[in-house]
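Good morning, and thank you for coming. I would like to take you through one protein structure, step by step.

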Amino acid sequence: MQWIRYMLLISCWVTSYWVSAQSWSNERIRTTVVRADTLLIDTLSLLPGSLTILRQGDTLAAQAYTYDALQSRLIWQQPLVGDTVELRYKVLGFSFARVYQNKSDTIINATPAVIMNPFVVDEDNSRDNWLDFGGLNYNGSFARGLSFGNRQDVVLNSSFNLQLSGLLGNDVEVVAAMTDNNIPIQPEGNTQQLQDFDQVYIQLKRNNTALTVGDFEWRTPEGYFLRYNKKLQGAAFSTRAVVDEERHISTSAKGSAAIARGQFGRNSFFGQEGNQGPYRLQGNNNESFIIVLAGSERVYIDGVLMKRGAEYDYVIDYNTGEITFTPNRLITKDIRIIVEFEYSTQNYFRSLINAQNDWEVGNFTFGFNFYNEQDAKNQPVLETLDSARVAVLESVGDSIQNAVFTGFDSVGYSADQVRYQVVDTLVNGILYTDVLVFSTNPDSALYRANFSFVGEGQGNYRIAS
């Protein structure tokens, strides 16, 4: 009976192997009724070229259908709705239309502002920029510093300069220069081309329209009348439009509302024999120390316009208002020098309003220009005029030489400033009152004096030693 046991064991093993082989076979047979023009055949991808379709025992022509093997999708090309078909095909071990992953990328990108996906290369984020302006180009500097010494406290110094250029949305072009320096840095006047570091502005431009806010330069329109060249601080607008292209008619408009950074000055003098400089420029009221606006000067020698630059005719120090001529232009006592320039004054705010409209009709051009510049009389910067001083100015009329008044006032003692005491002095039997004498006594040195240069030997100021 032992052999019967062995036969039953072998029979069970063969049966189980046959069943297992049938279950792992990739060949499938499916009968279905056509309900729509698209049919999902299986959940796994098909082996390409293995699909056969039978209808009523006959093989269906290949022109009657198309199928996607990877997605197991069948599309009928002939109307077979309601017919029963038999599908015979082989499948692969996977569905290649599905996404297989061990981890979801949504977990990696859960906090995109903090964590960057290391498996995705982003060209925009590949640059290590702490300040990203997108399509804008920028450069500049940012600095913080401390200064201290044995005679001063700790002082915090800051500096910020930024230049921007590029395109914003809707084809708007932006150009900007921004700074928070307290003292404007003027360029050196030893080259022909100047880069105005002291300009702070933002310019928006689109097509033929531009808007500038900040520091800008406003030049005279083409023509004989109303010639000017001003450096301003405010807002300027300009636009241009074609009215009739066939008849060549176009118009342009400009306008500005700003505060003038300086006023016009003109110095005329003869050179000194063999002295190339420096020659100090003066203001309209004989101011000795002025700041010339960079690039505003025009230098003429015997009526000929000179060119700025160390390799040309002259160099100029804008901060001190001194001009020096190069060896290319030798200075003698017979040479007449004329310098036209703009210099900074802080007596009054000077407002300026300008409007311009030009028309071009064929070869004919005409235009209108409005220009208004005046002092803001009620907004002095350095001087505070009381009623007595206002009365003096009202009474002088056109006699500017009479527009003078006393230049000393009681302001109290200050150890770090020059102070005077007022005394009465008897000289040759003549009593002089209100004579200022330099003093460091806190009890009597209470007066501050302002002096004006009236010419050598013509004033009342005498240096003791």
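I shall begin with the whole protein and then turn to two sheets, the aromatic rings and one serine.

Please keep in mind throughout that this is a predicted model. The protein has 465 residues, and 23% of them count as buried. Its secondary structure comes to three helices and 28 strands. The accessible surface amounts to about 33200 Å², and carbon and sulfur atoms account for 53% of that area. Consider also the contacts in the protein with a separation of 6 or more: 59% of them involve residues 24 or more positions apart.

Let us now look at the sheets. As a reminder, strands of a sheet pair through backbone hydrogen bonds, in either a parallel or an antiparallel manner.

One open sheet has three strands in the order S2-S6-S5, with antiparallel pairing. Which strands stand at its edges? They are strand S2, residues 38–40, and strand S5, residues 65–68. Each of these has a single partner strand, so one side of each is left without a neighbour in the sheet. Neighbouring strands of this sheet are turned by 20° against each other on average, with direction ignored. Strand S5 is joined to strand S6, residues 73–76, by four bridges in the antiparallel sense. Within that pairing, Tyr-67 has Leu-74 of S6 as its bridge partner.

A further open sheet consists of three strands in the order S16-S21-S20, and its pairing is antiparallel. Its edge strands are S16, residues 279–280, and S20, residues 314–317, each of which pairs on one side only. Strand S20 and strand S21, residues 322–325, run antiparallel and are joined by four bridges. Here Asp-317 stands opposite Glu-322 in S21.

I turn next to the aromatic rings. A pair of aromatic rings is described by the distance of the centres and the angle of the planes.

How many aromatic pairs are there in the protein? The count comes to seven. One of them is formed by Tyr-279 and Phe-325, whose arrangement is edge-to-face, at 6.2 Å centre to centre and with 65° between the planes. Tyr-279 lies in strand S16 and Phe-325 in strand S21, so this pair ties together parts that are 46 residues apart in sequence. Are these two residues buried or exposed? Tyr-279 has a relative accessibility of 8%, and because the cut-off for buried is under 20%, it counts as buried. Phe-325 also counts as buried, at 3% relative accessibility. Another aromatic pair, that of Phe-364 and Phe-366, is tilted, with 5.6 Å from centre to centre and 35° between the planes. Phe-366 counts as partly exposed, at 33% relative accessibility. Returning to Tyr-279 and Phe-325, ring pairs link these two residues and Phe-269 into a cluster.

Finally, let us consider a single residue, Ser-439. Where does Ser-439 lie? It is found in the loop between strand S27, residues 430–438, and strand S28, residues 447–449. Ser-439 is buried, with a relative accessible area of 12%. Its side chain reaches the backbone nitrogen of Asn-441 at 3.1 Å. If residues up to four places away in sequence are not counted, Ser-439 touches Arg-419, Tyr-420, Gln-421, Ser-444 and Ala-445.

That concludes my presentation, and I thank you for your attention.

Technical notes:
Residues numbered from 1 in each chain as written. Predicted model: local features only at pLDDT ≥ 70, side-chain atom pairs only at ≥ 80, totals over all residues. Heavy atoms only, no water. Helix = DSSP H or I, 4+ residues; strand = E, 2+ residues; numbered from the N terminus. Buried < 20%, exposed > 50% of the residue type's maximum accessible area, 1.4 Å probe, protein only. Polar contact = N/O pair within 3.5 Å; in protein donor to acceptor, adjacent residues only side chain to side chain. Contact = heavy atoms within 4.5 Å. Pairing = 2+ DSSP bridges. Axes fitted to C-alpha atoms, helices over the stretch in contact; angles between N-to-C directions. Phe/Tyr/Trp six-rings, centres within 6.5 Å; stacked < 30°, edge-to-face > 60°. Areas by Shrake-Rupley, 256 points an atom, 1.4 Å probe, with all protein chains shown as cover.
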